[in-house]
Amino acid sequence: MCWNSKSKSGVIFGGINQDESIDRYLYTFTIDKDTVEVKKLLENKLFARYGSKCLFIDDEEILIIGGTSKDIVFNQDNTIIRVNVSTGKIQQVSINDENWSQSPIFVGFEIFTHENTVTCVGGGAVCFSFGSAWNPIFNIHLDDKEQVALFANSEVEDNQHNSNHSRKDTDRKKQQNNDSPVKITQIPLINFDQLTKSKWNEIIAENKPVVIKKAPLGESLEKWTSPEYLADKVGKETEVVIHSATSSNMNFQTKNFSYKTVKFEEFINSVFRDPNSVSYLRALSFDSPKEKATMFHKDFPNLANDFVLPNVLSYIKEAQHSSPLRITSPNSAVWLHYDVTSNILCQVVGIKKLRLYPPSDVDLLDFPSGKSSSLIEDVFKDEDVNQNSSLSPYECELSPGDVLFLPRMWLHATCTQSPSISLNFFWKDLKDDVYSAGKDIYGNRDIRAYENSRKMIERIKHMFEDDNIPEDVKDFYLRRLAEEVKYL
């Protein structure tokens, strides 16, 4: 439990339930004279801790340290976590290898705060086979709100840290790699002159990303490097809606950008000539932006003849769901997201870096329910993401003439190295009745089965809101349902 005297509120977690399990809920509470009001905030196995400590970092965020649980073995990445009590976001705080090698046992310890430092004193355990072990003093520095660092106190002599830490030689050593950067797999490359129709069909069938190098994309590779040419062809006074931001990494969930309607000449000049510009055009249909998906050859007819899809890929133009033109300023990152339709990304101007994750990683990358975009601000720089050994990241760097096959459901984010122009072609490769009925302007509307299932979940939640069902019975059956869904 911890209390925030400024907001007159606190949080509670852990503790033993009637069935002798450790409670998995985080509760908030307020005190008004003689009345205490307690509310459930969220459930997560990371809260099922016994013997942990917590404190408020600020009015909205708490730090939870240590503890033990029968549900999970806390490791280098989740022994310490941060929780935003306003949004419910949980962020794991990784302990570096040097301090984790000292095998801290954060049970039976106490914390003291001074300015931006939390000092952890005590903590340890007794094993009747291997003897006793206890911690040195650890300091947790909160100098930067975005980072939390754990350091052993260098003033504590080595002989105060018992050498009988048997866990150094067991499972803990296996987990030390969790704090090292995860190996990033480079996406396979194939030269365009090696790409046959049968080879392309193999790539599509495998449903894994591939970069096609040096594809002949017509005169666009040369002509589109000129902002003057582009302004003349699109129309200097043509109005476009762009994403405009002050931060170099744009995030759709947090909306750290604004939509602006600007003249195309002003926009294209800022992309090529303003080093401080953070702007991004994802073209929409000029005729009906809220009703129809964009088609490049219809929305940009004066540029259409410049861009040519090679014959081996030309059928995609006929099968396309949409083909958005994308123009992005240098050093701008676009959020992690997924598309339900497969697509090819054709790089025409500039250098663009992409980070991809397979569909199986979706539950590890902070995607809110029913949303196709992640809450993670920048996957290229996020330490928790880049040190999570459970993830399987892929990367590639696209140069002019490169074409990336991006399979459906693969999670991806982009970062430009220079003024960038690219063109997507999306197509539906599942049967029509798999997709949700109605509009899908961006090609990322979830399939019918998922949308319907989420409606069923709402009905299930409503069923269990019955006051006549005790909490332990409710918990029992919800766990059973969760297991059944897991093994569908």
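This briefing covers the salt bridges and one nonpolar surface patch of the structure. The model is predicted. It holds 19 salt bridges, including Lys 199 with Glu 202, Lys 439 with Glu 291 and Lys 353 with Glu 395. A nonpolar patch of about 360 Å² lies on the surface.

**Salt bridge within a helix**

- Lys 199 and Glu 202 form a salt bridge in which the closest N and O atoms are 3.9 Å apart.
- Both residues belong to helix α3, which spans residues 197-206. Because Lys 199 and Glu 202 are three residues apart in that helix, about one helical turn separates them.
- Lys 199 has a relative accessible area of 32% and is partly exposed.
- Glu 202 is also partly exposed, with a relative accessible area of 43%.

**Salt bridge between two loops**

- A salt bridge joins the side chains of Lys 439 and Glu 291, at 3.6 Å from N to O.
- Lys 439 sits in the loop between β30 (420-427) and α11 (448-463), while Glu 291 sits in the loop between β21 (279-282) and α7 (296-299). The pair therefore ties together parts that are 148 residues apart in sequence.
- With a relative accessible area of 46%, Lys 439 is partly exposed.

**Salt bridge between two strands**

- Lys 353 pairs with Glu 395 in a salt bridge, and the closest N and O atoms are 3.7 Å apart.
- Lys 353 is in strand β26 (residues 352-357) and Glu 395 is in strand β27 (residues 394-398), so this salt bridge links parts that are 42 residues apart in sequence.
- Lys 353 counts as partly exposed because its relative accessibility is 26%, a value that falls between the limits of 20% and 50%.
- Glu 395 has a relative accessible area of 10% and is buried, since buried means under 20%.

**Salt-bridge network**

- Lys 40, Glu 471 and Lys 474 are linked in a network of salt bridges.
- Side chains of opposite charge can pair when their charged atoms come close.

**Nonpolar surface patch**

- Trp 3, Ile 31, Val 36 and Val 38 make up the nonpolar patch of about 360 Å².
- Ile 31, one of these residues, lies in strand β3, which covers residues 25-32.
- Ile 31 counts as partly exposed because its relative accessibility is 43%. That value meets the requirement for patch residues of over 30% relative accessible area.

Technical notes. Residues are numbered from 1 along each chain as its sequence is written. This is a predicted model: local features need pLDDT of at least 70, side-chain atom pairs count only at pLDDT 80 or more; totals for chains, interfaces and linings use all residues. Side-chain values use heavy atoms; hydrogens and water are left out. Patches are made of residues with over 30% relative accessible area and no salt bridge: like charges are joined within 9 Å, nonpolar side chains (Val, Leu, Ile, Met, Phe, Trp, Tyr) within 5 Å. Accessible areas come from the Shrake-Rupley method with a 1.4 Å probe; for residues, only the protein chains shown count as cover. A salt bridge is a side-chain nitrogen of Lys or Arg within 4 Å of a carboxyl oxygen of Asp or Glu. Helices (H or I, at least four residues) and strands (E, at least two) are DSSP runs, numbered from the N terminus. Buried means under 20% relative accessible area, exposed over 50%, partly exposed in between (1.4 Å probe, protein chains only).
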